[in-house]
Amino acid sequence: MIRHTEIVLALLLMCHWLSAAERPNVLFIAIDDLRPQLACYGQTSMHTPNIDALASRGVLFERAYCMVPTCGASRASLFTSIRPAPHRFVTHLAWAEKDAPGILPLHTHFKNNGYTTISLGKILHQINDHADGWSEPAWRSKQSGYQNVEAMREAIAENKRSWPNKNKHRGPAFEASESSDADHPDGDCINQAVRYLEGFARSPDQPFFLAVGLLKPHLPFNAPQKYFDLYDFDKIDVPDNYELPTDLPPRAVHNSGELRAYAGIHPSKPVDRLTARKLIHGYYACVSFADANVGKLLRSLKRLQFADNTIVVLWGDHGWQLGEHGMWNKHSCFETSMHAPLIVAAPSQTDVQPGTRTAALTEFIDIYPSLCDLASLPTPDHVQGTSFAPLMKDPSRSGKPFAIGRFGTGDTIRTDQLRYSEYTDKNQFVGSMLYDHTTDPRENHDIRSDRPKVSKELAETLREHKGK
């Protein structure tokens with residue numbers, strides 16, 4: 001009979017083996033405000049060859065949803081795998097360690113299991129959030145977001161003269177410049193990431209968790225001119241539902257407040273069509289700029305011979321509205337705010353077919369337990385997400401029955417065919433909306449009055465499963 005001490009020793013040796021060279025690295029790429037505006041998501045007019053190539057060798061999640069459509073709250077919820085609630089993960093300023101005290105975040109869990117953990121660019125919104133989980137202090141670029149600083153200052157001054165009562169006065173909402181990629185914060189961030197990869201190559205047996213956060217396509221839409229040149233402005237138009245709905249709960253729509261702070265944007269009037277087209281052009285350019293930065297990072301991963309033992313996760317922290325329903329930014333319970341890209345390539349999983357796509361519903365709180373599975377780490381008991389690793393092997397699996405999210409006083413549930421959202425004021429119900437995605441994927445026709453029974457059932461499910 002094998003003695004107890006021998007069993008313990010064998011387990012310890014096995015754990016040591018798993019934490020050595022065979023344990024996969026993780027490259028965690030976060031892209032701010034990236035909606036599924038990518039060729040691999042069917043937007044064929046987009047120039048995104050590098051992200052498309054990642055999708056062709058990994059798994060693309062066609063229906064992945066954020067938990068809260070604002071950056072700080074979305075990231076805090078993802079890194080803890082804890083659902084948001086009315087008093088947890090609420091705004092863009094959310095702290096994971098303050099809103100969910102005592103919860104072990106994703107990066108700290110990897111550090112505790114022998115990984116070197118590095119944060120570059122925008123990962124958690126607050127740079128000092130769970131700082132002890134990083135092997136080194138989190139890093140962000142000091143490069144200016146605007147290349148023509150004098151023009152920026154003049155635009156801010158004009159913004160103040162034209163609309164002194166704005167809450168904030170920012171510079172132009174977009175800038176095309178004859179600059180190099182490295183002149184911008186994201187280009188600088190990618191260069192820093194490449195330097196870290198080169199450093200990791202000198203100690204290939206030490207696993208790493210490298211988190212790289214790109215700012216674009218977040219406002220302002222600033223990028224080198226060459227990325228604007230990828231798109232024909234004359235072919236860019238506003239969406240066909242470029243109107244603010246009038247028959248929805250008052251809290252379902254917003255005034256696009258984030259955009260209003262920028263120069264040239266009226267504080268309350270609808271954005272005129274010409275300006276709207278320029279904004280859309282700028283967003284497209286910044287998506288292609290982000291794609292180019294991703295490409296440089298992935299080429300370095302391959303050059304340094306990490307590609308075959310590195311899990312790559314690419315995600316946008318939430319969706320973004322490009323004028324749909326007359327709104328810009330995120331901050332709503334509409335599909336345009338909740339739906340975001342998620343692509344995972346895990347080359348060590350030999351039973352995963354490259355180029356796999358799955359339509360199963362997925363939530364961002366699922367990323368934490370999925371990475372644990374893919375890296376052969378234990379999943380902490382607090383985790384509220386569900387691993388999607390089985391979906392990667394068999395994309396035909398049904399997946400989750402629904403995805404739940406919220407913003408402000410609105411809670412929303414997405415099923416295979418429907419999206420139901422309801423709103424409160426001082427904890428009192430004030431209204432709801434229901435859309436059928438089989439016939440109305442752009443959510444133009446609210447059918448809650450036509451299907452009261454369905455609305456009631458979804459409301460009960462939402463209240464039972466949303467964060468408390």
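Ala 39 counts as partly exposed, because its relative accessibility is 22% and the buried class is kept for values under 20%. This is a predicted model, and the briefing below starts around Ala 39, moves on to a pair of crossing helices, and then walks through an antiparallel sheet to a buried histidine beside its last strand. In that sheet, four strands follow the order β13-β14-β15-β16.

**Around Ala 39**

- Ala 39 lies in a loop, with β1 (25-31) before the loop and α2 (49-57) after it.
- Once neighbours within four places in sequence are set aside, the contacts of Ala 39 are Met 46, Thr 48 and Asp 52.
- Tyr 115 is 76 residues away from Ala 39 in sequence, and their C-alpha atoms are 34 Å apart in space.

**Where α2 meets α10**

- The helix that follows the Ala 39 loop, α2, has a crossing partner in α10 (residues 273-303): their axes come within 7 Å and cross at roughly 50 degrees.
- The two helices are therefore oblique to each other.
- On the α2 side, the contact is made by Pro 49, Asn 50, Ile 51, Leu 54 and Arg 57.
- On the α10 side, the contributors are Asp 291, Ala 292, Val 294, Gly 295, Leu 298 and Arg 299.
- By character, the residues of this contact divide into six nonpolar, two polar and three charged.

**The four-stranded sheet**

- The sheet is open, and its strands pair in antiparallel fashion.
- Which strands stand at the edges? They are β13 (403-407) and β16; each has a single partner strand, so one side of each has no neighbour in the sheet.
- From one strand to the next, the twist averages 15 degrees.
- Helix α14 packs on this sheet and touches β13, β14, β15 and β16, with its direction at about 70 degrees to that of β15.
- Although β13 is an edge strand, four of its five residues are buried, leaving the strand mostly covered.

**Strand by strand**

- β13 and β14 are antiparallel and share five bridges; here Ala 403 has Arg 414 of β14 as its bridge partner.
- These two strands make a hairpin with two residues between them, and Gly 408 in the turn has a positive phi of about 60 degrees.
- β14 (residues 410-414) is then joined to β15 (residues 418-425) by five bridges, again antiparallel, and Ile 413 stands opposite Tyr 420 in β15.
- Eight bridges link β15 with β16, an antiparallel pair in which Tyr 423 faces Gly 431 of β16.
- The β15 and β16 hairpin also has two residues between its strands, and Lys 426 takes a positive phi near 55 degrees there.

**His 437, just past the sheet**

- His 437 sits in the loop that runs from β16 (428-436) to α14 (452-465), so this loop leads from an edge strand to the helix that packs on the sheet.
- Is His 437 buried or exposed? It counts as buried, because its relative accessibility is 12%, under the 20% limit.
- The side chains of His 437 and Arg 414 are joined by a polar contact of 3.3 Å. Arg 414 is also the β14 residue that bridges to Ala 403.
- Beyond its neighbours within four places in sequence, His 437 is in contact with Glu 335, Arg 414, Gln 417, Arg 419 and Glu 443.

How values were computed
Residues numbered from 1 in each chain as written. Predicted model: local features only at pLDDT ≥ 70, side-chain atom pairs only at ≥ 80, totals over all residues. Heavy atoms only, no water. Buried < 20%, exposed > 50% of the residue type's maximum accessible area, 1.4 Å probe, protein only. Polar contact = N/O pair within 3.5 Å; in protein donor to acceptor, adjacent residues only side chain to side chain. Contact = heavy atoms within 4.5 Å. Axes fitted to C-alpha atoms, helices over the stretch in contact; angles between N-to-C directions. Parallel < 35°, antiparallel > 145°, perpendicular 65-115°, else oblique. Nonpolar A, V, L, I, M, F, W, Y, C, P; charged D, E, K, R; others polar. Pairing = 2+ DSSP bridges.
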